[in-house]
Amino acid sequence: MAYSEKVMDHFANPRNVGEIPDASGVGEVGNPKCGDIMRMYIKVDGDVITDVKFKTFGCGAAIATSSMATELIKGKKIEDALKLTNKAVMEALDGLPPVKVHCSVLAEQAIKAAVSDYYKKMGIDPSPLVGEIPECESCACDLH
Amino acid sequence: MARFIYADNAATTPVSKTVLEAMEPFYTQYYGNPSSLYSVGRAAKKPLEQARETVAECLGALPNEIFFTSGGSESDNWALKGVAHELAKKGKKHIITSKFEHHAILHSCEALEKEGFEVTYLDVHSDGLVRVEELEAAIREDTAIVSIMYANNEIGTIQPIAEIGAVCKKHGVIFHTDAVQAVGNVHIHVKEQNIDLLSLSGHKFHAPKGVGALYIRNGIKMPNLIDGGAQERGRRASTENVAGIVGLSVALKEACANIDERAERLIKMRDRLIDELLKIERSHINGDRVKRLPGNINMCFEGIEGESLLLSLDLKGICASSGSACTSGSLDPSHVLLAIGLPHEIAHGSLRITFSEQNTEEDVDYILEVLPNIITYLRSMSPLWEE
Amino acid sequence: MARFIYADNAATTPVSKTVLEAMEPFYTQYYGNPSSLYSVGRAAKKPLEQARETVAECLGALPNEIFFTSGGSESDNWALKGVAHELAKKGKKHIITSKFEHHAILHSCEALEKEGFEVTYLDVHSDGLVRVEELEAAIREDTAIVSIMYANNEIGTIQPIAEIGAVCKKHGVIFHTDAVQAVGNVHIHVKEQNIDLLSLSGHKFHAPKGVGALYIRNGIKMPNLIDGGAQERGRRASTENVAGIVGLSVALKEACANIDERAERLIKMRDRLIDELLKIERSHINGDRVKRLPGNINMCFEGIEGESLLLSLDLKGICASSGSACTSGSLDPSHVLLAIGLPHEIAHGSLRITFSEQNTEEDVDYILEVLPNIITYLRSMSPLWEE
Ligand SMILES: Cc1ncc(COP(=O)(O)O)c(C=O)c1O
Ligand SMILES: Cc1ncc(COP(=O)(O)O)c(C=O)c1O
Ligand code: FES
Ligand code: FES
């Protein structure tokens with residue numbers, strides 16, 4: 001499993017680890033049985049994500065993609081954060097091994113889940129804005 | 001400052017200096033084909049047969065019962081598929097193995113199942129051991145072969161091989177053991193233990209990768225896996241890997257010469273490491289603490305995923321593993337840990353540290369200095385931990 | 001005074017210095033298991049994949065079409081048995097090969113015949129070549145695979161591979177070639193020549209024994225010969241022989257870099273030796289004089305038995321062979337020479353001299369100085385000769 005230097009950097013020195021006690025939204029995706037769980041906290045001011053933190057149980061790629069994803073959405077408008085794809089996260093990390101692609105999918109979904117939670121708390125139906133968050137979409141594990 | 005500790009000797013080992021020196025002449029000087037008549041050929045033939053004698057001696061076998069192969073996987077495939085195909089002619093199409101064998105055995109079984117063979121996969125108990133009674137109960141009229149590994153490659157538990165051998169003998173069933181992890185680490189005597197076939201692989205005891213052997217008790221007939229020339233008395237074709245075979249025999253002799261001494265030293269290191277690591281909250285040792293290979297430590301730390309643990313250790317110069325090397329491309333938790341009853345989420349957090357000859361008490365010190373902090377750190381970022 | 005000439009390079013070759021140097025770091029320094037996550041593991045993975053690229057490039061294949069094995073025999077067995085078993089599912093149980101293939105192919109065919117496959121063994125003509133028309137005529141609805149060697153290991157004749165490839169393609173039949181003797185000596189391009197599977201073995205071109213490869217064209221499905229771990233993209237289990245594989249790739253690159261140059265030099269030596277030896281009365285050259293490997297000389301001298309010829313040459317420091325090395329345990333005359341129509345008594349008197357990179361014109365001089373006298377002497381004591 002050859003990880004890029006960027007991945008190793010974000011693994012060894014993950015940015016934005018932790019929790020936000022008074023978060024505007026919290027999203028959790030993954031499944032401990034499969035060895036991955038990602039929880040994302042966002043703080044929203046107006047339509048801007050002013051702060052973001054994460055906690056991840058998972059492989060090196062899961063930790064690195066969580067870290068990179070938080071960097072990519074911090075200070076961004078919600079609508080822009082929702083546009084963040086797992087591909088963009090992977091590119092920012094100079095790529096991932098093929099079997100690790102789904103870890104970046106988790107990162108994308110964790111952001112969406114956090115935004116959904118924020119909308120729900122605001123009394124807004126998230127589905128038209130965020131779209132469906134499939135259960136463990138493109139998960140590579142065979143436990144289904 | 002920057003330390004480097006190789007603690008993944010169950011995955012593979014470095015070639016020792018004496019082994020390398022023993023091999024080198026066969027690349028450039030005695031390079032002849034051992035089947036050739038002339039001097040450089042004969043110069044390769046003799047060491048080949050000496051290597052066979054050495055290996056036989058280390059196992060309590062006869063030289064003509066040793067067949068050199070390309071490694072543990074080939075030996076396993078040959079043994080299982082060979083005996084299965086041979087005895088199928090007599091209508092024996094049942095195989096008994098265990099749930100936590102190496103994939104070389106499990107995937108061979110699956111291939112045989114597709115051909116119509118029936119396989120019983122024995123349960124492994126939480127101590128990492130199969131039960132001889134359960135094995136005996138599984139034997140049927142049409143059982144062709146029992147294949148139970150000598151020592152497990154992940155959790156290092158040592159199976160009751162002599163007892164299994166006795167039961168198989170009693171019922172007239174052929175007994176194969178994958179001893180890839182055991183050879184060189186424990187005393188093996190194929191005759192006393194009633195072993196009919198035994199697989200071994202050089203790179204697990206400081207010989208090079210790509211060379212192994214299969215012991216086949218005299219009298220056991222089975223088709224070849226690799227047909228062709230008359231090498232290995234017509235049972236395994238291909239120009240012999242003379243250098244590798246000589247290397248294997250030198251390494252095995254070295255390993256077997258001081259099993260007890262080495263075991264004593266490694267067991268002390270192993271037990272100290274386990275004792276200390278068990279002080280970490282919600283940590284578990286996998287497999288029996290006593291009936292295990294001298295150099296094997298396999299533990300789970302709840303709330304932590306194995307790969308990130310390994311990467312963190314690697315950053316500190318420690319090579320260890322989680323599950324076995326050959327499945328590290330896969331995302332599923334170890335089939336071995338599931339077989340001994342661990343839940344998925346815990347099985348994901350396993351760590352295997354395997355010591356050899358070359359490790360020291362200082363290595364244990366350093367691991368103990370580094371590992372608990374890594375666990376604390378990873379847990380601090382794990383959403384599973386707070387709960 | 002005492003000269004030593006190794007002229008049996010078709011049996012095996014010494015490992016070259018650059019190859020040995022390329023291998024050594026992988027025994028003691030980058031010894032990690034290439035499947036492992038940590039640094040010493042990754043350090044072994046990259047060269048492994050580079051080796052794959054090098055081999056692919058030398059053959060005109062893609063890297064993911066190269067699978068490393070333990071040698072030519074395993075590659076042959078895997079190709080033939082694999083495709084046969086795969087296509088048997090579709091009812092295709094017919095195989096076409098030739099009468100003078102290597103035993104790795106012939107004995108695999110025999111094993112498959114026992115399982116119910118049908119094999120057509122094409123005749124080889126007196127020039128040591130199979131005829132494409134005869135091959136085409138032998139293709140049936142249920143033909144699964146054609147296996148024709150690229151160059152023969154005894155008489156060195158080079159088969160019309162591109163033509164055979166085209167015919168197989170036209171009829172939708174899979175084409176395997178045992179190119180163990182050809183690789184490194186002639187230009188090969190699997191795509192242009194429509195080759196679906198190709199076997200090669202390192203020790204024939206100055207890499208070590210016990211490592212080879214099988215090229216499998218993308219899209220060809222077949223079961224594994226060696227099941228187990230996920231190495232070689234799940235198609236050939238076993239911890240990779242990294243040192244051997246790196247050695248193989250370095251040797252192959254070296255060999256392929258100067259095929260034309262070397263061929264020109266060796267052909268000159270070969271033809272001079274043949275011309276001079278043909279001046280000996282009742283001597284014959286076996287196989288086509290032009291369509292043969294640059295370094296291959298295979299002759300018969302009536303009234304002489306091969307083994308005594310070889311021993312006499314050995315006493316003069318010349319290593320040569322009669323028939324192939326792997327059958328030297330047997331007393332039967334070469335199946336290859338019988339296949340091209342030689343009578344038994346003549347086939348017994350064959351001599352194979354095979355040159356490589358490392359041989360020189362001086363070697364030819366010395367052989368010419370020594371060999372005719374030996375022949376005269378042996379004939380003088382042969383009861384067959386006076387008659
Ligand atoms: C034509 C041919 N095929 C196959 C082989 C077998 O190769 P190996 O000895 O590497 O298994 C050889 C040589 O031994 C050969 O000359
Ligand atoms: C128990 C066991 N069996 C078989 C093998 C396969 O050996 P090899 O990699 O030499 O084919 C291994 C190690 O890889 C092993 O640990
Ligand atoms: S998060 Fe599951 S393998 Fe990466
Ligand atoms: S992470 Fe495996 S089922 Fe979703």
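The following questions and answers introduce two ligand sites, one helix and two backbone features of this predicted model.

Me: Which chains does ligand 2 lie between?
Reply: The residues closest to ligand 2 include Ser73(B), Asp178(B) and Ser201(B), together with Ser238(C) and Thr239(C). Both letters therefore appear around the ligand, which lies between chains B and C.

Me: At what distance is a nitrogen atom of ligand 2 from an N or O atom in the side chain of Asp178(B)?
Reply: Ligand 2 has polar partners in both chains: a polar side-chain atom of Gln181(B) lies 2.8 Å from one of its oxygen atoms, and an N or O atom in the side chain of Thr239(C) is 2.6 Å from an oxygen atom of the ligand. A pair of N or O atoms counts as a polar contact within 3.5 Å. For the nitrogen atom of ligand 2 and the side chain of Asp178(B), the distance is 2.6 Å.

Me: How much of the area that ligand 2 exposes when taken alone does the protein bury?
Reply: An oxygen atom of ligand 2 is 2.6 Å from an N or O atom in the side chain of Thr239(C). Taken alone, ligand 2 exposes 390 Å², and the share of this that the protein buries is 96%.

Me: Which helix gives the most residues to the shell around ligand 2?
Reply: The shell divides into 2 nonpolar, 10 polar and 3 charged residues. The element that gives the most to this shell, with 3 residues, is helix α4 (residues 72-88) of chain B.

Me: Why is the site of ligand 1 shared between chains?
Reply: Of the 15 residues around ligand 1, those that come nearest are Ser238(B), Thr239(B), Ser73(C), Asp178(C) and Ser201(C). The site is shared because the residues that surround ligand 1 come from chains B and C.

Me: How far from an oxygen atom of ligand 1 does a polar side-chain atom of Lys204(C) lie?
Reply: Polar side-chain atoms of Ser238(B) and Ser201(C) each lie 2.5 Å from an oxygen atom of ligand 1. For a polar side-chain atom of Lys204(C), the distance to an oxygen atom of the ligand is 3.0 Å.

Me: Which helix supplies the largest share of the shell around ligand 1?
Reply: By class, this shell has 2 nonpolar, 10 polar and 3 charged residues. Its largest share, 3 residues, comes from α4(C).

Me: Is Ser238(B) buried or exposed?
Reply: Ser238(B) is placed in the loop between α8 (231-234) and α9 (242-257) of chain B. Although not a glycine, this residue has a positive phi of about 120°. Its relative accessibility is 8%, and because buried means under 20%, Ser238(B) counts as buried.

Me: What is the relative accessible area of Glu232(C)?
Reply: Glu232(C) is found in helix α8 (residues 231-234) of chain C. Its phi is positive, near 50°, in a residue other than glycine. Glu232(C) is buried, and its relative accessible area is 5%.

Me: Which residue with a positive phi follows α5(C)?
Reply: Helix α5 of chain C covers residues 103-114 and reaches 16 Å from its first C-alpha to its last. Its buried residues include Ile105(C), Leu106(C) and Leu112(C), and the buried residues pack against elements of chain C, among them α4 (72-88) and β3 (94-98). The residue that follows the helix has a phi near 110° and is Gly116(C).

Key:
Residues numbered from 1 in each chain as written. Chains lettered and ligands numbered in written order. Predicted model: local features only at pLDDT ≥ 70, side-chain atom pairs only at ≥ 80, totals over all residues. Heavy atoms only, no water. Helix = DSSP H or I, 4+ residues; strand = E, 2+ residues; numbered from the N terminus. Expected span 1.5 Å × (residues − 1). Buried < 20%, exposed > 50% of the residue type's maximum accessible area, 1.4 Å probe, protein only. Contact = heavy atoms within 4.5 Å. Near = heavy atom within 4 Å. Polar contact = N/O pair within 3.5 Å; in protein donor to acceptor, adjacent residues only side chain to side chain. Areas by Shrake-Rupley, 256 points an atom, 1.4 Å probe, with all protein chains shown as cover. Nonpolar A, V, L, I, M, F, W, Y, C, P; charged D, E, K, R; others polar.
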